[in-house]
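Dear colleague,

Please find below the structure that I am handing over to you. I should be grateful if you would look through it alongside the notes that come after it.

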Amino acid sequence: MIEGGTVDVLIPLGLDQAYSYAVPPGLALAPGDVVQVPLGPRETVGVVWAVGAGRGGNLKKVTGKYDMPPLDPALRKLVDWVAWYTLAPKGSVLALALRRQPDDTPERPKLGVRLAGPPPGRMTPARARAIAAAEGGLLIAKSALAEAASVSAAVIDSLVDAGTFIVEPMPREAIAALPDPDHAVPELSEGQGEVAQALVAAVQARAFSVALLEGVTGSGKTEVYFEAVAEAIRQGRQSLILMPEIALTAQFIDRFEARFGVRPGLWHSAVTGRRRERLQAAIASGEAKVVAGARSALFLPYKDLGLVVVDEEHESAYKQEDGVSYHARDMAVVRGRIENAPVVLASATPSLETRVNAERGRYTHLKLPERFGGRELPTLGLVDLRRDKPERGRWLSGALVKAIETNIEAKEQSLLFLNRRGYAPLTLCRDCGHRFQCPNCTAWLVDHRFRRALVCHHCGHVERRPQECPACHKPESLMACGPGVERLAEEVATLFPQARSIVLSSDFPGGTERLKTELMAVAEGEFDIVIGTQLVAKGHNFPGMTLVGVVDADLGLTSGDPRAAERTFQALRQVTGRAGRGEKPGRALLQTHDPEHPVLKALVSGDPERFYAAEEASREAAGLPPFGRLAALIVSANGQAEAESHARALARCAEAGDGIAVLGPAEAPLAVLRGRHRMRLIVRTTREVNLQDYLRAWLKRGPKPKGSVRVAVDVDPQSFL
DNA sequence: AGCACGCCGACT
DNA sequence: GTCGGCGTGCTC
């Protein structure tokens, strides 16, 4: 505590340094306190980062202190570490941890309406919809009712005036009920029990450790790590379960509730306003024992974190690339270390870097080899499209069609996986060969029949699909090339007119909400055939699904991305794992033109080790460093001031013997990258298009004398801990 | 993040 | 001749 001295205040903006301010007499400040300070012409919120170390001179004064819990030392350390590691300005990282807006306005009880009076004198369609939606006399939030009845709030208000609805305060929903670790203890198999025991022991040790929990889809990973969560609850400590946003579904919440009797504290982008604030307060006070959240939950102010779980560890959604660029899985490991808490990384298809860490003994490797309840893994088979060739304009082989038929007869569900949105990935003119290309990128425009448009999946460019060729003006000459899910749906409708089918893709008309509803409908067996892109592979349990058909298993294996094979393997393993999770055994058929491809052979063998071995071998053959020794750089032109720290970061990478990946955008002096440290440039990116071209252009442009390099390290924080 | 300064294209 | 585009820099 200091009175009348100076403090260094970090402001949650793109500033790398804390600014010094004078502390006015009568104000006592300690590190972590949230304060208001003048910055330029305005007042801003900031956090006291240090006390008494300020430079002298004419300092502005701290204007005030917010009445909110200070950022504890662990969280401040995390901010410092992440800023150091990602080379983002400290203030930008602080902004991630300080997303709460200090708010002094008193909390007003939320008001709901209830159907209680006679119908209004004048009935209108909108009013009728609102009344119908409020049927049953339940208390509903006004906004929710307006949404459900698709009427404006004014309609509800008029019905309140008419006396049809009455207004009542909504009961305050419990934001963080206490989970009961013994609510419904599951019966675990011997293998599961052992793994669960290892995780429980890690929680009991109250020390930092990292475990990779690997288990096939349906092996009970969730049940097993729930035992570790239960142990943390028994100790009265908090648990964080990180998951990709998409996986935070009703299904997960139901499973949690079945195990612990209450819902977990849910943290994701859709949780807003007062609810967000209350959850944050409950986390800071330690009242919220379990938080299930998307990557931003990493920066919440836990009071006593006893366990961190990263579910679906390999998911690329953990990677944030805009603003502060970080990998939430890696930062979760760092947070575990700072909090001295165990970390569990769970996946059916671990990422290569995590496997490397496990192999080297940095992480314990726990495996769940079997499916839960003795259920068998689906049998996988390849369909050689060179022999079993669909007719022109068709994409389903005889073998797959037959399998679907059998499934329909048996009243079982089938899933057709094709990771391509839209109708056709390419449109060309039969006459002159003109191909529709994006004006901004070099990608082909994807035909979206449903939207009657040509869309660039890379940059979002949209244009109308013309009637005639824009080059030779021949009418009726345009031809769709290749399949997308919409086109596949057409084929399915022709082949199986009696079947109930649905297309599920991320651009589903009606948005995420309707998509969730439809996923539930699929789980309840309301469709015979599901045609879906990547998203059907993730986190959903379809008990009636006994057949998975992969329409094009070669898709993704040929791209220039160094992680293409890994991602394809993961996606195919996950999607084929959708089969046979219910009572009946499942099978999967993968259509391919290259049945000898090592990735597919490894997949069919059911032994993931074969894939990883093949992958390491191919990396070696390509002259790339082994995984785990690969750092990534994010390079951009920036002010001179930062050049030095960036050069230091580069040197750090070089000392560690890491490869360097350029993620761009870049105007940076290549000399810094090559000349001083003699490093090999490796491209590693999630950007799918044109990276080679981009890099070539970048190299051609050559070193520029002006500007500095901005660098961020990615992938393997352990080597820098 | 805001806000100012500054340097090149199309307008009354 | 100016209005305004957003690139770059600064805020204790």
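The notes below take up the DNA strand, one helix, and then several single residues.

Please bear in mind throughout that this is a predicted model.

**The surroundings of DNA strand C**

DNA strand C is surrounded by 11 residues, and the closest are L15, Y19, S20, G40 and K60. By class, the residues of this surface divide into six nonpolar, two polar and three charged. On the DNA side, 42% of the atoms of strand C within 4 Å of the protein belong to sugar or phosphate, and the rest belong to bases.

Three polar contacts may help you to find your way around this surface. A backbone N or O atom of S20 lies 2.7 Å from a base oxygen of DNA strand C. For G40, a polar backbone atom is 3.2 Å from a sugar or linking oxygen of the strand. K60 uses its side chain instead, with a polar atom 2.7 Å from a phosphate oxygen of DNA strand C. The elements that give two or more residues to the surface near the strand are β3 (19–22) and β5 (34–39). Of the elements, β3 gives the most, with three residues.

**Helix α14**

Helix α14 covers residues 511–523, which makes 13 residues. From its first C-alpha to its last it reaches 19 Å, close to the 18 Å expected at 1.5 Å a residue. Which of its residues are buried? They are L515, E518, L519, A521 and V522. Seen down the axis of α14, the buried residues fall within an arc of 155°, so they line one face of the helix. An α-helix has 3.6 residues a turn, so residues three or four places apart point the same way. The buried residues of α14 pack against four strands, namely β21 (413–417), β27 (501–504), β28 (529–532) and β29 (545–550). After the helix comes G525, whose phi is positive, near 85°.

**A buried serine in β12**

S239 is placed in strand β12 (residues 238–242). Its relative accessibility is 0%, so S239 counts as buried under the 20% cut-off. Leaving aside neighbours within four places in sequence, S239 is in contact with V229, A232, K289, V290, V291, L305 and L307.

**Two loop residues with positive phi**

Most residues other than glycine have a negative phi. E312, which is not a glycine, nevertheless has a positive phi of about 50°. E312 is found in the loop between β15 (305–310) and β16 (319–320), and it is buried, with a relative accessible area of 18%.

N340 is also a residue other than glycine with a positive phi, in this case near 60°. Its place is in the loop between α10 (328–339) and β18 (342–347). Is N340 buried or partly exposed? At 38% relative accessibility, N340 counts as partly exposed.

**W444**

W444 lies in the loop between β22 (426–429) and β23 (446–448). With a relative accessible area of 34%, W444 is partly exposed. Not counting residues up to four places away in sequence, W444 touches P425, L426, R435, F436, Q437 and V455. W444 and L454 stand 10 residues apart in sequence, and their C-alpha atoms are 9.3 Å apart in space.

With kind regards

Conventions
Residues are numbered from 1 along each chain as its sequence is written. Chains are lettered from A and ligands numbered from 1 in the order in which they are written. This is a predicted model: local features need pLDDT of at least 70, side-chain atom pairs count only at pLDDT 80 or more; totals for chains, interfaces and linings use all residues. Side-chain values use heavy atoms; hydrogens and water are left out. A residue is near a molecule or strand if one of its heavy atoms lies within 4 Å of it. A polar contact is a pair of N or O atoms within 3.5 Å; within protein, one must be able to donate a hydrogen and the other to accept it, and residues adjacent in sequence count only if both atoms are side-chain atoms. Ala, Val, Leu, Ile, Met, Phe, Trp, Tyr, Cys and Pro count as nonpolar, Asp, Glu, Lys and Arg as charged, and the others, Gly among them, as polar. The expected span of a helix is 1.5 Å times one less than its number of residues. Buried means under 20% relative accessible area, exposed over 50%, partly exposed in between (1.4 Å probe, protein chains only). The arc is that of the directions from the helix axis to the C-beta atoms. Contact means heavy atoms within 4.5 Å.
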